[in-house]
Amino acid sequence: MALLALTAITPTTQSLCQNAKTSNLDPLVEFIAQTSDTQTRIDILKGITEALKGIQSRDMPKGWVQLERILAASDSVEVRTLARSLAVKFGSNDARRTLRGITLDASKSHAERENAIASLISISDKQLIDILLALLKEEPFRGQALSLIH
């Protein structure tokens, strides 16, 4: 962990992110919690996200519940989006509820809603079909919803 304190993007951090499918993520979660630097958080969250592509679920790392609350309150949309995407993979019901709400909230940006849909698709969310049916009523999402329903 002392090595991680020097800089967020060390070979150690890169290795942990690249091996997130099988590695213990606890040190990365702890480091993200300890840093207040938004870009460092984004970089590490992106690394973990990339490493977990194609995985529907993974055991929740130690300290994630507390970190999820911290990241959800971030001023950075990117931090919040990345954190929610990971949280659903870790089995967070709060993240699922939030993402479901975002997908149906017309006041949210198109990109934010698409990211929420993608996160729910990545975990095969059980309520996804109901969300897609509701999105059929919205022109910008109609085509995507139809293609996903098939």
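Trainee: Which helices each supply at least two residues of the lining of the largest pocket?
Mentor: This is a predicted model, and in it the largest pocket has a volume of about 240 Å³. Its lining consists of 13 residues, among which Thr-49, Ser-85, Asn-115, Ala-118 and Ser-119 lie nearest the centre. The elements that each contribute at least two residues to this lining are α6 and α8.

Trainee: Which element gives the most to the lining of the largest pocket, and with how many residues?
Mentor: By class, this lining divides into three nonpolar, seven polar and three charged residues. Counted by element instead, the greatest contribution comes from α6, with five residues.

Trainee: Which elements give two or more residues to the lining of the second largest pocket?
Mentor: The second largest pocket holds about 200 Å³ of space. It is lined by 13 residues, and those closest to its centre are Glu-68, Ala-72, Ser-92, Asp-94 and Ala-95. Two or more lining residues come from each of α5, α6 and α7.

Trainee: How many charged residues does the lining of the second largest pocket have?
Mentor: Sorted by class, this lining has six nonpolar residues and two polar ones. The charged residues in the lining of the second largest pocket number five.

Trainee: Turning to enclosed space, which helix supplies the largest share of the lining of the largest cavity?
Mentor: The structure holds one cavity of 30 Å³ or more, and the largest cavity has a volume of about 40 Å³. Its lining is made up of Thr-81, Arg-84, Ser-85, Leu-99, Ile-102, Glu-112, Asn-115, Ala-116 and Ser-119, which by class are three nonpolar, four polar and two charged residues. At least two of the lining residues come from each of α6, α7 and α8 (110-122). The largest share, four residues, is supplied by α8.

Trainee: Does Leu-82 count as buried or exposed?
Mentor: Leu-82 lies in helix α6, and, leaving aside residues up to four places away in sequence, Leu-82 touches Ile-42, Leu-45, Lys-46 and Thr-49. The class itself follows from accessibility, since the limit for burial is under 20% relative accessible area. Because its relative accessibility is 12%, Leu-82 counts as buried.

Trainee: What distance separates the C-alpha atoms of Leu-82 and Ile-44?
Mentor: Along the chain, Leu-82 and Ile-44 are 38 residues apart. In space, the separation of their C-alpha atoms is 9.9 Å.

Trainee: Which two residues form an aromatic pair?
Mentor: A search of the whole structure finds one aromatic pair. Its rings lie 5.0 Å apart from centre to centre, with 80 degrees between the planes, and the arrangement is edge-to-face. The pair links distant parts of the chain, 26 residues apart, with one partner in helix α5 (residues 64-72) and the other in the loop between α6 (77-89) and α7 (93-104). Both partners are buried, and they are Trp-64 and Phe-90.

Trainee: Against which helices do the buried residues of α9 pack?
Mentor: In helix α9 (residues 128-135), the buried residues are Leu-128, Ile-131, Leu-132 and Leu-135. They cover an arc of only 100 degrees around the axis and therefore lie on the same side of α9. These buried residues pack against α7, α8 and α10 (139-149).

Methods
Residues are numbered from 1 along each chain as its sequence is written. This is a predicted model: local features need pLDDT of at least 70, side-chain atom pairs count only at pLDDT 80 or more; totals for chains, interfaces and linings use all residues. Side-chain values use heavy atoms; hydrogens and water are left out. Rings of Phe, Tyr and Trp (its six-membered ring) pair if their centres lie within 6.5 Å; planes under 30 degrees apart count as stacked, over 60 as edge-to-face and the rest as tilted. Buried means under 20% relative accessible area, exposed over 50%, partly exposed in between (1.4 Å probe, protein chains only). On a 1 Å grid over the protein atoms alone, a cavity is a set of points where a 1.4 Å probe fits but cannot get out, and a pocket is an open set with protein on both sides within 12 Å along at least five of seven lines; lining residues have an atom within 4 Å of a point. Grid points are joined across faces, edges and corners, and a volume is the space filled by probe spheres set on the points. Ala, Val, Leu, Ile, Met, Phe, Trp, Tyr, Cys and Pro count as nonpolar, Asp, Glu, Lys and Arg as charged, and the others, Gly among them, as polar. Contact means heavy atoms within 4.5 Å. The arc is that of the directions from the helix axis to the C-beta atoms.
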